[in-house]
Amino acid sequence: RSQAARSRAIEPAVTTTGVPIAVGANVGSVEEARAAAANGADLAGLVRTEFLFQDRTAAPDVDEQLAVYRAIAAAFDGRRVTLRTLDAGSDKPVPFLPAPPEANPFLGVRGLRLSLAHPTVFAAQLQAIALVAREAPISVMFPMVTTVGELRRARMMLDEALARTGSGRPADLRVGMMVEVPAAALRAADFVPYADFFSVGTNDLTQYTLAAERGNAALMSLSTGLDPSVAQLIDLLCRAAGDRVPVAVCGEVAADEQAVPRLLASGVRQLSVAPALVPLVKQAVRAT
Ligand code: PEP
Ligand code: MG
């Protein structure tokens, strides 16, 4: 790639009216983190931690997790890294968190529900996150949050991990949640006091809003692109968030050039996409 293209990729993305939009990357490995940084990602908008330890039969201990989180933070070299706690269950089983057989795994014990059901495994992950948060700008993000009670329980466990790992709170630490369950979008105002940021998972939010399983090829016409119903939920969320809580989108529509102007019009100010798509999405922002 030419030097000009490279520096264009690294430059921040600003709309034609001068609104800066952070364009981050979704990563599931240290290699992807390096690729994302090379492609000019402004941050890691989503680290899918369940992919980091997928082939493990025993839960990774604190040190092992810390080493991987450190390597990802090093790849992003001072830029923010958003560590999503394990989003296991449903289509992403992890061997060390056995989930009982379920008739409808997408509606079952997955994401934060599964972590809260395994407090020892969850506490170890939060401890590793608390440690790396003392070294780099880290955001913690909880997946599949449905109720304020769940978010508060998760935050309490994070606070306990922070207390175990040192004194005081890392100044750069932010704590937020995925908005991927329609109930959370509809009741966004209730979550505002407990979230430093919202990040919309449009893959799941679309699945749950349209009752169309995300991987089902026969339903692709329902689950591809930004459905108007999902756009309305994002509008609601942005209105409830106001200027108190920034709203990001980290689902696949964040990389859809047709969806980008609509998302920005709703008030979304951060997008996070596959590492290879970062330059394209920055261009889409600059054209908006
Ligand atoms: C989403 O649901 O849109 C999302 C970003 O999370 P995942 O694809 O990992 O479920
Ligand atoms: Mg999801």
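## Briefing: core, ligand shell and helix packing

Leaving aside neighbours within four places in sequence, Ala-44 is in contact with Gly-24, Ala-25, Val-27, Ala-33, Ala-36, Ile-72, Phe-76, Val-81 and Thr-82. Keep in mind that this is a predicted model. Ala-44 is a good way in, as it ranks with Leu-237 and Val-281 among the residues with the most contacts inside the largest nonpolar core. From there, the notes below move on to strand 3, the ligand, two helix topics and a pair of loop residues.

**Nonpolar cores**
- The largest nonpolar core runs to 80 residues.
- Helix 5 (residues 119–132) supplies the largest share of that core, with seven residues.
- Another core lies apart from it and has seven residues, including Phe-53, Ala-88, Val-94 and Leu-114.
- As background, nonpolar side chains in soluble globular proteins tend to be buried together.

**Val-47 in strand 3**
- Val-47 sits in strand 3, and strand 3 spans 44–48.
- Is Val-47 buried or exposed? Val-47 counts as buried because it has 28 C-beta neighbours inside 10 Å, and 20 are enough for that label.
- If you skip residues up to four places away in sequence, Val-47 touches Val-27, Ile-72, Val-81, Thr-82, Leu-83 and Arg-84.
- Val-27, Ile-72, Val-81 and Thr-82 turn up in the contact list of Ala-44 too.
- For a long-range reference, Val-47 and Arg-286 are 239 residues apart along the chain, and their C-alpha atoms are separated by 25 Å.

**Around ligand 1**
- The shell around ligand 1 is made up of Leu-46, Arg-48, Asp-87, Glu-180, Gly-201, Thr-202, Asn-203, Asp-204, Cys-250 and Gly-251.
- Strand 3 and helix 9 are the elements that each give two or more residues to this shell.
- Which element gives the largest share of the shell around ligand 1? That would be helix 9, with three residues.
- By residue type, the shell splits into two nonpolar, four polar and four charged.

**Helix 9 against helix 11**
- Helix 9 (residues 202–210) packs on helix 11 (residues 228–241) at an angle of about 115°, and the axes are 10 Å apart.
- The crossing of helix 9 past helix 11 is right-handed.
- On the helix 9 side, Thr-202, Leu-205, Thr-206, Thr-209 and Leu-210 make the contact, and they meet Ser-229, Val-230 and Leu-233 of helix 11.
- Four of the residues in this contact are nonpolar, four are polar and none is charged.
- Thr-202 is listed in this contact and also in the shell around ligand 1.

**Helix 13 and its cover**
- Helix 13 (residues 278–286) has Val-278, Pro-279, Val-281, Lys-282, Ala-284 and Val-285 buried.
- Val-281 is also one of the residues with the most contacts inside the largest nonpolar core.
- The cover over the buried residues of helix 13 includes helix 1 (3–10), strand 1 (13–14), strand 2 (20–27), helix 2 (30–38), helix 12 (259–266) and strand 9 (270–273).

**Positive phi outside glycine**
- Asp-77 is not a glycine, yet its phi is positive, about 45°.
- You'll find Asp-77 in the loop between helix 3 (62–76) and strand 4 (81–84).
- Asp-77 is exposed because just 8 other C-beta atoms lie within 10 Å, and 12 or fewer is the cut-off.
- Met-144, again not a glycine, has a positive phi of about 60°.
- Met-144 belongs to the loop between strand 5 (138–142) and helix 6 (148–164).
- Met-144 counts as buried because it has 24 C-beta neighbours inside 10 Å.

Methods: Residues numbered from 1 in each chain as written. Chains lettered and ligands numbered in written order. Predicted model: local features only at pLDDT ≥ 70, side-chain atom pairs only at ≥ 80, totals over all residues. Axes fitted to C-alpha atoms, helices over the stretch in contact; angles between N-to-C directions. Helix = DSSP H or I, 4+ residues; strand = E, 2+ residues; numbered from the N terminus. Left-handed = near helix turned anticlockwise from the far one by under 90°. Contact = placed C-beta atoms within 7 Å. Nonpolar A, V, L, I, M, F, W, Y, C, P; charged D, E, K, R; others polar. Near = placed C-beta within 6 Å. Core = buried A, V, L, I, M, F, W, Y, C linked by C-beta atoms within 7 Å.
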